[in-house]
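Colleague: I have a model open and would like to learn how to read its features one by one. Could you walk me through them?

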Amino acid sequence: MRSFKPGRLRWRSSPRYLSSTTTAQPHITPITSLLIANRGEISLRIHKTAERLGIKTTTLYTDPDATAQHATCSPHSIGLGAANGYLDGERIVRLAKQHDIQALHPGYGFLSENSAFAKRCEEEGIVFVGPPAQAMADMGDKARSKEIMTAAGVPCVPGYHGSDQGEVELLERAKQIQFPVLLKSVKGGGGKGMRIVMEEGEFLQQLKSARAEAKASFGEGGEVMLVEKYIVRPRHVEVQVFADKHGNCVALGERDCSVQRRHQKILEESPAPDLDDVTRLDLWEKARTAALAVGYVGAGTVEFILDKDTGDFYFMEMNTRLQVEHPVSEMVTGTDLVEWQFRVAAGERLPLTQQEIMERIQERGAAIEARIYAENPERGFIPDSGKLIRLKTPTTNEDVRIDAGFIQGDTVTEAYDGMIAKLIVRGRDRETAIRKMELALRDYEVVGLSTNIEFLKRLCRSPAFIEGDVETGFIEKWKAELFDPIATQPEAYVQAALGVFSSQSARAEQPLLETFGFGASGSSVRNFFFKSLDVLDQKEGKVVEVSITQKGNNLFDAQVTRKGEEAQVFENLISSPTPASENSSLVTFFPHTRIETTIVQDPNNDNKITVFQFGAKTELSLVSPAWYEKALGLKEVAASVVAPMPCKILKNEVKEGDTVAKGTPLVVIESMKMETVIRSPQDGVIKKLAHKEGDKCKAGTVLVVFEEENTAE
């Protein structure tokens, strides 16, 4: 494997990158007041640096964010009303003027790459902490940026970037380029409005879908598409550049962002693995060339596609803002890029030369960032939302950093992107950084919504990832390994039962059948019935019975029984519970090991139990035994499919009466501006479609009902 070797890189100084020009020098005007025109973790991140530098901050919030952390981090905060308030550029400019605020930081997303907004700030005398409006316009238009890069000698992916946007014309262009092709919006970013089209027959359908998603995400003009050759085994490698008003431009290393889902990054790392030094320095050189070609100032990221089969790389786009993954570059260079933004915006020179940056990179090892999302990877990375009932995070230090916008008790709303936090770690080399990342992920405990944390742990254990054999199709390529079936260990069921037992015993009243633990009042034996909720569990949905016998103070026997299997018995367990309101901490001494476990009962659903032990999360359902259901006349409802999150119905793919197979597309929904296809969980016949196109649904709303099977009692 080719790797980054300290001491090997040598950069030959070039005046246009490292020295000031002889033109008139910009006047330095320190920033003293700042409006942060964003939300969530990036708003908090900007506020933290501003506060350290003595800059007075004002934050913005919308109705869904009224109690969010960024709304309360500063004593000065302004409400914008509706959820789309962060996109109201004219109003935000007026507010900055009204409150006599000197500068504005747009963060990332929303208005951060809106050249018209940057120009309005310039016109009103507000310091825009970002690049000049013209540079943003040149690079923000994907077609225009490729023209500029081609003229500057930066290689670009073959494709069509023209104005003729008819369906037939685009299809013809795609055929000329040859399939597979990539469709993406000229205003695109974050994977929205992007589609891979493998063959001609699916082109028009994918084009319509991409346009609809792009227009919803970027507004008018978002539906204008680029058609490019799709590189079959691409890597996504980007270079962090920074330029000042004195003519200096540097690269702060490169980041590999190849591990993605839905064309959105999950893991980012620096230095990029399996990259030779000649290619590395060439990427840096081309990135600086790109920035200088448009008179760039401030922080920017030049993104490249690197063909794994040929080793060639091509300019993809330039993000004219601070990136989500900027902490990775900060970790390997020992810098604060937000501070750099403030200093450059004030007219100061870049704090470091290219040679100084290279020396730091060689000294500081490797860094990796993992994005913690509210989503369910095991169900196709469907976004989720909800209240963070429990949120325990890793301990931070100089090598472990967390940038987050939420704390325990906050609600992750469907109105915005579902990123909960970013976990960034640094190690002396890549292998050490990966191990540190997995250990830190094991310390997370999140209850209340689905997250990708367990999936990220599996990524860190993947041999291919550890070897650095990454590409944008990594998840699909290693899908079988990354979603390999698991088996819930009997100790997890025992600890869950002991936790529920402890919780019940701690309550004064325990009416018979109040919970689903059964046994005569005062009896030392209690039976519990669980089902695993883990999609990857080989025995998901099958009832597991756990019998707990209390033999003395904190002394128990336990028996775990699965249908068709021999019972597993654990004798003389010493368990010391410390029950809390919604969770219990248990330390239990099994015959050959000590197990420390956290058990959380969902306050909104007493039957849902979450178990954290050995750095893993297990979700169980506490169920009633068959005789209890029969006694009360309970019966399972007809098989149905429900909305996994609050959403809007875009299209029903089936009709009532249709016979469908497992995996058949049923409904297309939109949530968090992302389209998601809901597929059939079973073979069956469609009895009812509960909603029509355009309807808005809450999470848990029934979308499709199947005909019930006639089964004998």
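Colleague: To begin with, how many helices and strands does the protein chain have?

Modeller: Helices (H or I, at least four residues) and strands (E, at least two) are DSSP runs, numbered from the N terminus. Here the protein chain has 20 helices and 42 strands. Please keep in mind that this is a predicted model, where local features need pLDDT of at least 70 and side-chain atom pairs count only at pLDDT 80 or more, while totals for chains, interfaces and linings use all residues. Residues are numbered from 1 along each chain as its sequence is written, and side-chain values use heavy atoms, with hydrogens and water left out.

Colleague: What percentage of the residues of the protein chain count as buried?

Modeller: Buried means under 20% relative accessible area, exposed over 50%, and partly exposed in between (1.4 Å probe, protein chains only). By that rule, 54% of the 713 residues in the protein chain are buried. A contact means heavy atoms within 4.5 Å. Among contacts between residues at least 6 apart in sequence, 62% join residues at least 24 apart.

Colleague: Which residues touch the most other members of the largest nonpolar core?

Modeller: A nonpolar core is a set of buried Ala, Val, Leu, Ile, Met, Phe, Trp, Tyr and Cys residues joined through side-chain atoms within 4.5 Å. The largest one has 58 residues, and those touching the most other members are Leu34, Phe242, Phe304, Phe315, Trp340 and Phe342. A second, separate core of 38 residues includes Val259, Leu388, Ala433 and Leu441. As for Phe342, not counting residues up to four places away in sequence, the residues it touches include Ile31, Leu34, His105 and Val129.

Colleague: How should I read a single helix, and which residues of helix H6 are buried?

Modeller: Look at the buried residues, then at what covers them. In helix H6 (residues 133-140), the buried ones are Ala133, Ala135, Met136, Asp138 and Met139. Their cover includes helix H5 (115-123), strand E5 (127-128), helix H7 (142-151), helix H10 (277-293) and strand E16 (313-319).

Colleague: What is the strand order in the open sheet of four strands?

Modeller: Strands of a sheet pair through backbone hydrogen bonds, either parallel or antiparallel. Two strands count as a pair if DSSP finds at least two bridges between them. The order in this sheet is E6-E9-E7-E8, with antiparallel pairing. Strand E6 (159-160) and strand E8 (195-197) are the edge strands, each pairing on one side only. Two bridges join E6 to strand E9 (residues 225-229), and Tyr160 has Val227 in E9 as its bridge partner.

Colleague: And why is strand E42 largely enclosed by the rest of the structure?

Modeller: Strand E42 (residues 702-706) is largely enclosed because four of its five residues are buried. Three antiparallel bridges join strand E35 (residues 640-642) to E42, with Ser640 opposite Val705. Strand E40 (residues 684-689) is also joined to E42 by three antiparallel bridges, and there Leu689 stands opposite Val704.

Colleague: Now for empty space: what is the volume of the second largest pocket?

Modeller: On a 1 Å grid over the protein atoms alone, a cavity is a set of points where a 1.4 Å probe fits but cannot get out, and a pocket is an open set with protein on both sides within 12 Å along at least five of seven lines; lining residues have an atom within 4 Å of a point. Grid points are joined across faces, edges and corners, and a volume is the space filled by probe spheres set on the points. The second largest pocket has a volume of about 570 Å³. Of its 23 lining residues, Arg45, Lys48, Glu330, Arg401 and Asp403 are the closest to the centre. Helix H2 (40-52), helix H11 (326-333) and strand E22 (400-404) each give two or more residues to this lining, and H2 gives the most, with seven.

Colleague: How many cavities of 30 Å³ or more does the structure hold?

Modeller: There are four cavities of 30 Å³ or more, and the largest has about 110 Å³ of space. Among its 14 lining residues, Arg261, Gln264, Pro383, Asp417 and Met674 lie nearest the centre.
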